[in-house]
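Please work through the exercises below with the sequence and the structure at hand. Each task is followed by a solution in steps.

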Amino acid sequence: GGTSADYKLARRVIETMKPEFPAASKPELVTYDWLVAQRIPFDFQAMLYGGRRSKGGLVPDFVVWSGNGGMAWLINGEYWHSQAINSGRDETARFRLLGATYKGITITKVVELWERDVYRKRPLVFQQALLGIGLRG
């Protein structure tokens with residue numbers, strides 16, 4: 001599914017951004033592009049609790065600055081995050097992110113954005129996420 005505008009956007013961000021962010025997923029790049037276009041301050045793939053270098057480290061896709069706090073935005077791929085085996089891991093990560101401190105800012109909300117919504121429900125999915133609300137829960 002998706003519109004031709006969706007495909008054009010995905011193609012554009014992949015062509016222009018993938019060389020700079022080779023490990024980023026397509027929905028992460030689309031989200032990154034939107035945040036930059038809206039001039040919303042954020043950090044991409046922030047490392048908390050040691051990040052990928054440490055067992056138990058976390059790397060939220062985005063930490064978006066919001067008022068006096070921050071929000072962790074987690075971009076969920078439909079396949080991987082829909083599997084029951086990963087739901088416990090995801091829930092634990094969300095719990096650990098809430099209240100964590102990153103660059104002196106407390107993460108007050110954790111928002112999940114799903115791949116299909118990023119592609120098909122822009123800008124609504126991003127506007128809701130700025131309010132701390134995920135479309136699916």
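The exercises that follow concern a predicted model.

**Exercise 1. The nonpolar core**

Task: Determine how many residues the largest nonpolar core has and which element gives the largest share of this core.

Solution.
- Step 1. The largest nonpolar core consists of 25 residues. Those with the most contacts inside it are Leu-35, Phe-62, Trp-73, Leu-113 and Phe-126.
- Step 2. Two or more residues each are given to this core by the helices α1 (4-17), α2 (26-37), α5 (115-120) and α6 (124-130), and by the strands β1 (42-44), β2 (62-66), β3 (69-76) and β5 (105-114).
- Step 3. The largest share, five residues, comes from α2.
- Step 4. Leu-35 may be examined in detail: beyond its neighbours within four places in sequence, Leu-35 is in contact with Ile-40, Phe-42, Phe-62, Val-64 and Trp-73.
- Step 5. There is also a second, separate core of eleven residues, including Ala-46, Leu-58, Ala-93 and Tyr-102.
- Step 6. As a general background, nonpolar side chains in soluble globular proteins tend to be buried together.

**Exercise 2. The surroundings of α2**

Task: Establish how many residues of α2 are buried and what covers them.

Solution.
- Step 1. Helix α2 has twelve residues and reaches 17 Å from its first C-alpha to its last, close to the 16 Å expected at 1.5 Å a residue.
- Step 2. A residue counts as buried under 20% relative accessible area. Nine of the twelve residues of α2 are buried, so this helix is largely enclosed by the rest of the structure.
- Step 3. The buried residues are Pro-27, Glu-28, Leu-29, Val-30, Thr-31, Tyr-32, Asp-33, Trp-34 and Leu-35.
- Step 4. Their cover includes the helices α1, α5 and α6 together with the strands β1, β2 and β3.

**Exercise 3. Strand pairing**

Task: State in which sense, parallel or antiparallel, β2 pairs with β1 and with β3.

Solution.
- Step 1. The pairing of β1 with β2 is antiparallel and runs over three bridges. Phe-42 has Val-64 of β2 as its bridge partner.
- Step 2. The pairing of β2 with β3 is antiparallel over five bridges. Here Trp-65 stands opposite Gly-70 in β3.
- Step 3. The hairpin of β2 and β3 has two residues between the strands, and Gly-67 in this hairpin takes a positive phi near 60°.

**Exercise 4. Backbone exceptions**

Task: Locate Arg-39, Lys-103 and Pro-123, and describe the backbone at each place.

Solution.
- Step 1. The background is that most residues other than glycine have a negative phi, and most peptide bonds are trans.
- Step 2. Arg-39 follows α2 and lies in the loop between α2 and β1. Its phi is positive, near 60°, and Arg-39 is exposed at 77% relative accessibility.
- Step 3. Lys-103 is found in the loop between β4 (101-102) and β5. Its phi is positive, about 50°, and Lys-103 is exposed with a relative accessible area of 61%.
- Step 4. Pro-123 lies in the loop between α5 and α6. The peptide bond from Arg-122 to Pro-123 is cis, with omega near -5°.

**Exercise 5. Asp-117**

Task: Decide whether Asp-117 is buried or exposed, and find which side chain makes a polar contact with its side chain.

Solution.
- Step 1. Asp-117 lies in helix α5.
- Step 2. The relative accessible area of Asp-117 is 5%; the cut-off for buried is under 20%, so Asp-117 is buried.
- Step 3. The side chain of Asp-117 makes a polar contact with the side chain of Arg-136 at 3.0 Å.
- Step 4. Leaving out residues up to four places away in sequence, Asp-117 touches Arg-122, Val-125, Leu-135 and Arg-136.

How values were computed
Residues numbered from 1 in each chain as written. Predicted model: local features only at pLDDT ≥ 70, side-chain atom pairs only at ≥ 80, totals over all residues. Heavy atoms only, no water. Core = buried A, V, L, I, M, F, W, Y, C linked by side-chain atoms within 4.5 Å. Buried < 20%, exposed > 50% of the residue type's maximum accessible area, 1.4 Å probe, protein only. Helix = DSSP H or I, 4+ residues; strand = E, 2+ residues; numbered from the N terminus. Contact = heavy atoms within 4.5 Å. Expected span 1.5 Å × (residues − 1). Polar contact = N/O pair within 3.5 Å; in protein donor to acceptor, adjacent residues only side chain to side chain. Pairing = 2+ DSSP bridges.
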